[in-house]
Amino acid sequence: MNEVFTELAGKFPALHFLKIEAEEFPDISEVFEIAAVPTFIVLKGGKVVDQIEGAKAAELANAVSKHAKGVLNKFTSPAAAPGAVEGTKPVKDLNSRLKALINSAPVMIFIKGTPQQPRCGFSRQLVDMLGDEKVKYSSFNILADEDVRQGLKAYSDWPTYPQVYVNGELMGGLDIIKEMIASGEFKEVLPKEKDLSTRLQELIEKQPVMVFIKGTPEEPRCGFSRQMVGLLNDRHVKYGHFDILSDDEVRQGLKTHVDWPTFPMLFYKGELLGGLDIIKEMIESGEFDQVLTA
C-alpha cells in the first residue's frame, strides 16, 4: 500500500498526502476512531468525507479520484489545460499502475460506478451475478479515472466494460462471465479461500526463520521491531518477514493463534521462540545460536 499511496500523491500534487503511525499518535487515532491499520481518511474543509479501512488499493484510488475533482477544477485554469496533455503519464508508468490495480485483489472487476451504485446496466448485471455466487472481489470505478478507462482497453486488448480479472488474468466481460457461471467453470477458476488458521501457519512456515514486525527490515515502524531486526542482522541471520501493519486480520489473528499478545514475534521452523525480551535473553545465554544451528 505504500507504493499505491506514493503513486497517488504523485498523480494528485494539488492534494496533501500525510502518513502517520497510528500507535504513535493515540489522540489522533481516537479522534478519527481508527479501528484497523492501515486506515485512509479523506478530509475536505476539515471534515471527513471518506474513510477506507484495510489495504484496499482500488477503493483508495477511487476515493482519491472522486474527491480530487473539485480541488483540481478549482486550482487548474483553462490556460493550463494544454499543459495537462503534455504532462500525461508515459505509457510505461500507466501500464505499471494498471498491472498493480489488476493484481490488487484475487478477483478484481472494472466497472462503471461502484458495486453499491452501478452506473450502467452491464455493470449492474455483473455485480448482481457475483453477489448471487457469493464471490469476494474488489472493484475499480473507471468513470473516476479516464487514464485507466482508456489505458486498460489497450493493456488487456479488450474494448468494452465491465472487465473481470482473477489472479491478474483477464477472464472477460459480462457475456463470458455469464457463460462461465452457467457451465460451472467460473467457480473452478476462483482462488480457493483458506481459513485464517491455515493462512497464518503458512506464513509462519514461509522461511525457517520468520519474524513478524511493524514495518519492514529496511523501515521498521516501531522501536521494538527495529531492535529485533538489529539483533538478527548483527548475527547475520537469514530470515523472512511479514509487516503486520499491512494486514489487520493477520495482526490480530496471530496473537490468538500462538497465544502471544505482542509484537514482534520470532519463529524458527514453525515454532514460536518469543518476543524481543526472550530473544535478547536467548542470545545472552547462547541458547539462540544453539537453536538455529541444531
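## A surface patch, two sheets of pairing and a set of salt bridges

Leu18, Ile20, Phe25 and Ile28 form a nonpolar patch on the surface, and together they offer about 380 Å² of accessible area. Keep in mind that this is a predicted model. One member of the patch, isoleucine 20, sits in the loop between α1 (2–11) and α2 (26–31). Isoleucine 20 has a relative accessibility of 36%, so it counts as partly exposed.

### The whole chain

Now step back. The protein chain has 14 helices and 10 strands. It has 294 residues, and 39% of them count as buried. The accessible surface comes to about 17100 Å². Carbon and sulfur atoms account for 52% of that surface.

How much of the contact set joins residues at least 24 apart? Among contacts between residues at least 6 apart in sequence, the share is 60%.

### A hairpin

Strand β1 (residues 39–44) pairs with strand β2 (residues 47–53). The pairing is antiparallel and spans six bridges. Lysine 44 has lysine 47, in β2, as its bridge partner. Two residues lie between the strands of this hairpin. Glycine 45 takes a positive phi there, near 60°.

### The four-stranded sheet

In general, strands of a sheet pair through backbone hydrogen bonds, either parallel or antiparallel. Here an open sheet of four strands shows mixed pairing, in the order β4-β3-β5-β6. Which strands form the edges? They are β4 (138–141) and β6 (169–172), and each pairs on one side only. From one strand to the next, the twist averages 25°.

Look at the pair β3 and β5. Strand β3 (residues 107–111) and strand β5 (residues 163–166) run antiparallel, joined by four bridges. Isoleucine 109 has valine 164, in β5, as its bridge partner. Helix α6 (residues 121–132) packs on the sheet and touches β3 and β5. The direction of α6 makes about 155° with that of β3.

A further helix meets the sheet. Helix α7 (residues 146–156) lies across β3, β4, β5 and β6. Helix α7 runs at about 60° to β5.

### A residue in strand β3

Phenylalanine 110 is found in strand β3. Is phenylalanine 110 buried or exposed? Its relative accessibility is 0%, so phenylalanine 110 counts as buried. Its contacts beyond four places in sequence include Leu101, Ile102, Phe140 and Ile142. Val148, Leu152 and Tyr165 are also among the residues it touches. Phenylalanine 110 and tyrosine 165 are 55 residues apart along the chain, yet their C-alpha atoms are separated by 8.5 Å.

### Salt bridges

The structure holds six salt bridges. Three of them are set out here.

| Salt bridge | Closest N to O |
|---|---|
| Arginine 97 – aspartate 145 | 2.8 Å |
| Arginine 149 – glutamate 146 | 4.0 Å |
| Arginine 199 – aspartate 247 | 2.5 Å |

Take the salt bridge of arginine 97 and aspartate 145. This pair links distant parts of the chain, 48 residues apart. Arginine 97 belongs to helix α5 (residues 91–102), while aspartate 145 is in the loop between β4 and α7. Both arginine 97 and aspartate 145 are buried.

Arginine 149 and glutamate 146 give another picture. Both lie in helix α7, three residues apart, which is about one turn of the helix. Arginine 149 counts as partly exposed because its relative accessibility is 22%. Glutamate 146 has 43% relative accessibility, so it too counts as partly exposed.

Next come the side chains of arginine 199 and aspartate 247, which meet in a salt bridge. Where do the two residues sit? Arginine 199 is in helix α10 (residues 196–204). Aspartate 247 is in the loop between β8 (240–243) and α12 (248–258). The pair links distant parts of the chain, 48 residues apart.

Why does arginine 199 count as partly exposed? Its relative accessibility is 27%, and the partly exposed class runs from 20% to 50%. Aspartate 247 is buried, because its relative accessible area of 15% is under 20%. The pair also belongs to a network: Arg199, Asp247 and Glu249 are linked by salt bridges.

Terms used
Residues numbered from 1 in each chain as written. Predicted model: local features only at pLDDT ≥ 70, side-chain atom pairs only at ≥ 80, totals over all residues. Heavy atoms only, no water. Pairing = 2+ DSSP bridges. Axes fitted to C-alpha atoms, helices over the stretch in contact; angles between N-to-C directions. Contact = heavy atoms within 4.5 Å. Patch = residues over 30% accessible without salt bridge, like charges linked within 9 Å, V, L, I, M, F, W, Y side chains within 5 Å. Areas by Shrake-Rupley, 256 points an atom, 1.4 Å probe, with all protein chains shown as cover. Buried < 20%, exposed > 50% of the residue type's maximum accessible area, 1.4 Å probe, protein only.
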